[in-house]
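Here is a set of short exercises to work through with the structure open beside you. Try each task before you read its solution.

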Amino acid sequence: MASLNWTELDQRAVDTARILAADAVEKVGNGHPGTAISIAPIAYLLYQKIMNYDPSDPTWLGRDRFVLSIGHSSITQYAQLFLAGCGLELDDLKAFRTHGSLTPGHPEFGHTAGVECTTGPLGAGVANAVGFAMAARKEQALFDPTATPGESIFDHFVYCIAGDGDMQEGIASEAASLAGTQELGNLIVIYDDNRISIEGDTSIAFTEDVVQRHQAYGWDTHSIDFTQGGAAYEEKVQELYDAIEQAKSVTNKPSFIKVSTVIGWPLPTKAGTAGIHGSKIGAQEIASLKTLLGFDPAQSFEVADEVLHHTRSGAAERSSEVRSVWDKKYATWASVHLEQKNLLDRILERHVPDLEGIIEEYVAETKKSTRAASGEVLTALADKVPELWGGSADLAGSNNTTMSGKPSFLPASRASKDWISDPNGRVLHFGIREHAMGGILNAINSGLTRAYGGTFLVFSDYMRGAVRLAALSKIPSIFVFTHDSIGVGEDGPTHQPIEHIASLRLIPNLDVIRPGDANEVVEAWKLMIDNVDRPSALILSRQDVEVISRAPCRGFAPASDMIFGAYTLIHSMTDEPQVVLVATGSEVEIAMKARESLQDQGIGTSVVSAPCLEWFAEQEEDYRRMVLPPGALKVSIEAGSTSGWSEIVGSDGIRIGVDQFGACASGARLYQDYGITADNVVTIVRDALQLGN
């Protein structure tokens, strides 16, 4: 292995990062200083000696990706971004965890330059790192298919620092298992094994051999002991450097490097204690630390000019050398791969191809489940949107998430008789790992390609954290949730979502879309692909629903009107409707049938299809009043929780839905038993209008 060029200034820079972490937490009065102090050499080694990145261009395509999965130790990354000259200055560190600062308590994607993903919920960063590694391999195959492995401008490494908490979370285990299956040789996870959490020694709840676990997953593994302290501690930096370099040479396995540390080392009296995991250290202990490391205990945020010059000039020089080589390769690639260059330019401009006419309009008065329509649309999208790929959590046949005739994104060794592998495969197999699927999708969708993932709606609970992080980070992940109601039938209440749609609607910046028929599904996919700043939850039916006639002579609005979120599908036969039936998904056809009966009884009734309440809320007040006229009785119909519908129908309106768990019976029987029928809608409306029988 190459010898690491480690100087006294490097060691001084590491100690500076330790002091900055201690001072930043002490100044604001809260935070997590212990881990940041003890892993400062690890983070410094990555930023100053190993990773390829450009401090002046945080979105450079050729950069390695860094994920701080232990997001509560965010000051670890902020200190390195400051030292490397990536946009943070000392005042930003002084503003740590304060309102409006660039240094929030946990790293936030899109907020701080150099932060690749939002972390903090433990384990999420590990799943993100797996997603970044998968995305890198996909991008190389999509944009540079003839390149020698490891030689493409799209090849890069993904480095992740994780902790004991990450290793305990199920999402990290799910993602690590899939990473082994995918043979992600570009992924290196460094595990800070400090054996301390908020409740103290992790032995009270966490005892397995994590290295052996990752070996079983198919990872290349290494172990390094940083617990000795003193000179031996510094000597271990070379050992870690060697381990990382060796891991980079393993191309058919992800690598896992356990680094055993003492949390808070070299604090004189508090190192190794739980008290410094999530609390400020105290002025006396910090003063002792500064004295021990040769800093002035009377100063705060002390950074020597020669240290900052060393780190920033070093990072800039390394970047310049790497960029020079990469830029030449890029120019050659661009001159040879014209089609791929045009595709890359379109994606970087966040431009979506024209998707009009991607699929022939579905014929009216036939029946098709919206999940089946979605599968057909995906197949039609395949050639139009080559950057689109996806799959499901082992439910491809039920979710209809497979692009017909397209190969799978798999190593050749993982191909099966059912699934053909290809480096540029379009079909993803997540296994039964909903939460990891969500985290992986978020990482992919923050880059150059677009990915979707499916499962049953009831299992959105298993991945809610990832959906929330997508919304928080403004990442356009597409979550496909099928089997959307009691229409699931005989699978019973465990598989029948009740509260799930209402619950998803509570997440800010998430578009929850429940199409009413096959043609609305087509429009939904076009709109989701076009959205680049927020995620979508596409809610689809298992049961067949009628395709609505869109012929102008029939009086129905075009499916394209769903861009407004809610629209009058068919107007009342009277000038002003007496009743407005507002429905989503499979309940739109129930509303249509109820309208026919009410119209026959002389009750002017319009039907509003409301596939996306989030889009509807964005419309002008005049439009919303036109769709939902104030004088009409408004009735919502959705086979799920009625929570939230009062905002649409008003306090005097009627909410028809399901506010209890389902049962084991046919879907048709359950719709009847729970009153989600046209006849019951008519009865309820007549009673509300005091028309009697």
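## Exercise 1: Unusual backbone angles

Phe301 sits in the loop that joins H11 and H12. The model is a predicted one, so keep that in mind as you go.

**Task.** Find out what phi Phe301 has, and decide whether Phe301 is buried or exposed.

**Solution.**
- Start with the backbone: Phe301 has a phi near 55°, which is a positive value in a residue other than glycine.
- Most residues other than glycine have a negative phi.
- Next, look at the surface: the relative accessibility of Phe301 is 7%. Buried means under 20%, so Phe301 counts as buried.

**Task.** Now do the exercise again for Glu183: in which loop is Glu183 placed, and how does its relative accessible area classify it?

**Solution.**
- Glu183 belongs to the loop between helix H8 (170-182) and strand S3 (187-193).
- Its phi is positive, about 55°, although Glu183 is not a glycine.
- The relative accessible area of Glu183 is 21%, so Glu183 is partly exposed.

**Task.** Which residue takes a positive phi just after H13, and where does Pro266 lie?

**Solution.**
- Just after H13 comes Arg350, with a positive phi of about 55°.
- Within helix H13 (residues 338-348), the buried residues include Leu343, Leu344 and Ile347. The buried residues of H13 pack against helix H6 (124-143) and helix H12 (305-336).
- Pro266 lies in the loop between strand S7 (255-260) and helix H11 (283-293). The peptide bond leading from Trp265 to Pro266 is cis, with omega near 15°.

## Exercise 2: The parallel sheet

**Task.** In what order do the strands of the parallel sheet run, and which strands form its edges?

**Solution.**
- This open sheet has 5 strands in the order S1-S2-S3-S7-S6, and their pairing is parallel.
- The edge strands are strand S1 (65-68) and strand S6 (220-225), each of which pairs on one side only.
- On average, neighbouring strands of this sheet are turned by 15° against each other, direction ignored.
- Zoom in on one pair: S1 and strand S2 (residues 158-163) are joined in the parallel sense over 4 bridges, and Val67 stands opposite Cys160 in S2.
- H6 packs on this sheet and touches S1, S2 and S3, with its direction at about 165° to that of S2.

## Exercise 3: The mixed sheet and S20

**Task.** Which strands does S20 pair with, and in what sense?

**Solution.**
- First lay out the sheet: 5 strands form an open sheet in the order S18-S20-S19-S21-S22, with mixed pairing.
- S18 and strand S22 (654-656) are the edge strands, each pairing on one side only.
- From one strand to the next, the twist averages 30°.
- On one side, strand S18 (residues 567-570) pairs with S20 in the antiparallel sense over 3 bridges; here Tyr567 stands opposite Ser609.
- With strand S19 (residues 579-583), S20 pairs in the parallel sense over 5 bridges. Leu581 has Val607 as its bridge partner in S20, and Val580 stands opposite Ser606.
- S19, helix H20 (residues 587-600) and S20 make a right-handed β-α-β unit.

**Task.** Are the faces of S20 covered or open?

**Solution.**
- Of the 5 residues of strand S20 (residues 605-609), 5 are buried.
- Thr605, Val607 and Ser609 are on one side, Ser606 and Val608 on the other, and both faces are covered.

## Exercise 4: H19 and the core

**Task.** Which residues of the largest nonpolar core touch the most other members?

**Solution.**
- This core has 79 residues, and Leu381, Trp525, Leu581 and Val635 touch the most other members.
- H19 supplies the largest share of this core, 8 residues.
- Another core, of 63 residues, lies apart from it; Ala79 and Val237 are among its members.
- Returning to Trp525, its contacts include Val377, Leu381, Tyr452 and Leu538.

**Task.** What does the side chain of Asn519 have a polar atom 2.9 Å from?

**Solution.**
- Asn519 is placed in helix H19 (residues 518-530).
- With a relative accessible area of 5%, Asn519 is buried.
- A polar atom of its side chain lies 2.9 Å from the backbone nitrogen of Tyr362.
- Asn519 also touches other residues, including Glu361, Val547 and Arg550.

Technical notes
Residues numbered from 1 in each chain as written. Predicted model: local features only at pLDDT ≥ 70, side-chain atom pairs only at ≥ 80, totals over all residues. Heavy atoms only, no water. Helix = DSSP H or I, 4+ residues; strand = E, 2+ residues; numbered from the N terminus. Buried < 20%, exposed > 50% of the residue type's maximum accessible area, 1.4 Å probe, protein only. Polar contact = N/O pair within 3.5 Å; in protein donor to acceptor, adjacent residues only side chain to side chain. Contact = heavy atoms within 4.5 Å. Core = buried A, V, L, I, M, F, W, Y, C linked by side-chain atoms within 4.5 Å. Pairing = 2+ DSSP bridges. Right-handed = clockwise from strand over helix to strand, strands pointing away. Axes fitted to C-alpha atoms, helices over the stretch in contact; angles between N-to-C directions. Lists of a residue's contacts leave out its neighbours within four places in sequence.
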